[in-house]
Amino acid sequence: MIDQSSPKRVEILSKEELARTLVRLASQILEEIPDRGRLLLLGIPTRGIQLAEVLAKELKEKTGQEIEQGIIDPTFHRDDISNLGTKLVPTTDISSSLEEKQVLLVDDVIFTGRTVRAAIESLQAWGRPQRVMLLVMVDRS
């Protein structure tokens, strides 16, 4: 008999592979956005927030400069909100103007793109950044 009560976990990256990936991502961010004063990392709840925090720490280690970060909650901009049910997520927290910012949306997984689309729509309510980019750890498609 198979025990269906405990879900099977699959390790995508080992701890060492994850650390190398984060270092590589931080390097790519620095190559793409040389003016770190205009960089804003916005984590998408829930795991995108933690990923943005880890990336900000890695970027600070590489540059010695604090990297601005915040949270963008796309919940009310989703086209499938009625299917999501009720869940508590951190609310949008953007501490400065988006004008002239290079915004990097950070999430852990992308599948259909609905969350990213909703995050971009939500972002429009906060201002007009110079550029919006996306960083995800896993592409499920």
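1. Aromatic pairs. The count of aromatic pairs comes to 0 in this predicted model. One aromatic ring does have a charged partner: the charged end of Arg-140 sits over the ring of Phe-111, 4.5 Å from the ring centre. When reading the structure, keep in mind that every position and distance here belongs to a predicted model.

2. Overall layout. The protein chain contains 4 helices and 4 strands. Followed along the sequence, these elements give the pattern α-β-α-β-α-β-α-β. The chain has 141 residues, and buried residues make up 38% of them. Among contacts in the protein chain with a separation of 6 or more, 80% are between residues 24 or more positions apart.

3. The sheet. The 4 strands form an open sheet in the order S2-S1-S3-S4, and the pairing is parallel. Its edge strands are S2, residues 68-71, and S4, residues 131-139, and each of these pairs on one side only. On average, neighbouring strands of the sheet are turned by 25 degrees against each other, direction ignored. Note that the order of strands in the sheet, S2-S1-S3-S4, should be read separately from the α-β pattern along the sequence.

4. Strand S3 and its partners. Strand S3 covers residues 102-110, and 8 bridges join this strand to S4, the two running parallel. Two opposite pairs can be picked out between them: Val-103 stands opposite Val-132 in S4, and Val-109 stands opposite Val-138 in S4. S3 also pairs with S1, again in the parallel sense, over 5 bridges. Here Leu-39 has Gln-102 in S3 as its bridge partner.

5. Burial of S3. How many of the 9 residues of S3 are buried? The number is 8, so S3 is largely enclosed by the rest of the structure. A residue counts as buried if its relative accessible area is under 20%.

6. Helices across the sheet. Helix H2, residues 47-63, lies across S1 (39-43), S2, S3 and S4, and runs at about 125 degrees to S3. Helix H4, residues 114-124, lies across S1, S3 and S4. The angle between H4 and S3 is about 155 degrees.

7. Ile-49 as an example. Ile-49 lies in helix H2. Is Ile-49 buried or exposed? Ile-49 is buried, because its relative accessible area is 10%, and the cut-off for buried is under 20%. Apart from neighbours within four places in sequence, Ile-49 is in contact with Gly-43, Ile-44, Ile-71 and Pro-90. Ile-49 and Leu-105 are 56 residues apart in sequence, while their C-alpha atoms are 9.7 Å apart in space.

8. Salt bridges between distant parts. The count of salt bridges comes to 5. One of them joins Arg-131 and Glu-32, with the closest N and O atoms 2.8 Å apart. This pair links distant parts of the chain, since Arg-131 is in strand S4 and Glu-32 is in helix H1 (residues 15-32), 99 residues apart. Arg-131 counts as partly exposed because its relative accessibility is 29%. Glu-32 is also partly exposed, at 44% relative accessibility.

9. A second link across the chain. Asp-108 forms a salt bridge with Arg-47, and their closest N and O atoms are 3.6 Å apart. Asp-108 lies in strand S3 and Arg-47 in helix H2, so this salt bridge ties together parts that are 61 residues apart in sequence. Arg-47 has a relative accessible area of 56% and is therefore exposed, the cut-off for exposed being over 50%.

10. A salt bridge within one helix. Arg-117 and Glu-121 form a salt bridge in which the closest N and O atoms are 2.7 Å apart. Both residues lie in helix H4, 4 residues apart, which is about one turn of the helix. Why does Arg-117 count as partly exposed? Its relative accessible area is 29%, and partly exposed covers values between the cut-offs of 20% and 50%. Glu-121 is partly exposed as well, at 38% relative accessibility.

Conventions
Residues numbered from 1 in each chain as written. Predicted model: local features only at pLDDT ≥ 70, side-chain atom pairs only at ≥ 80, totals over all residues. Heavy atoms only, no water. Pairing = 2+ DSSP bridges. Axes fitted to C-alpha atoms, helices over the stretch in contact; angles between N-to-C directions. Contact = heavy atoms within 4.5 Å. Salt bridge = Lys/Arg side-chain N within 4 Å of Asp/Glu carboxyl O. Buried < 20%, exposed > 50% of the residue type's maximum accessible area, 1.4 Å probe, protein only. Phe/Tyr/Trp six-rings, centres within 6.5 Å; stacked < 30°, edge-to-face > 60°. Lys NZ or Arg CZ within 6 Å of the ring centre and 35° of its normal.
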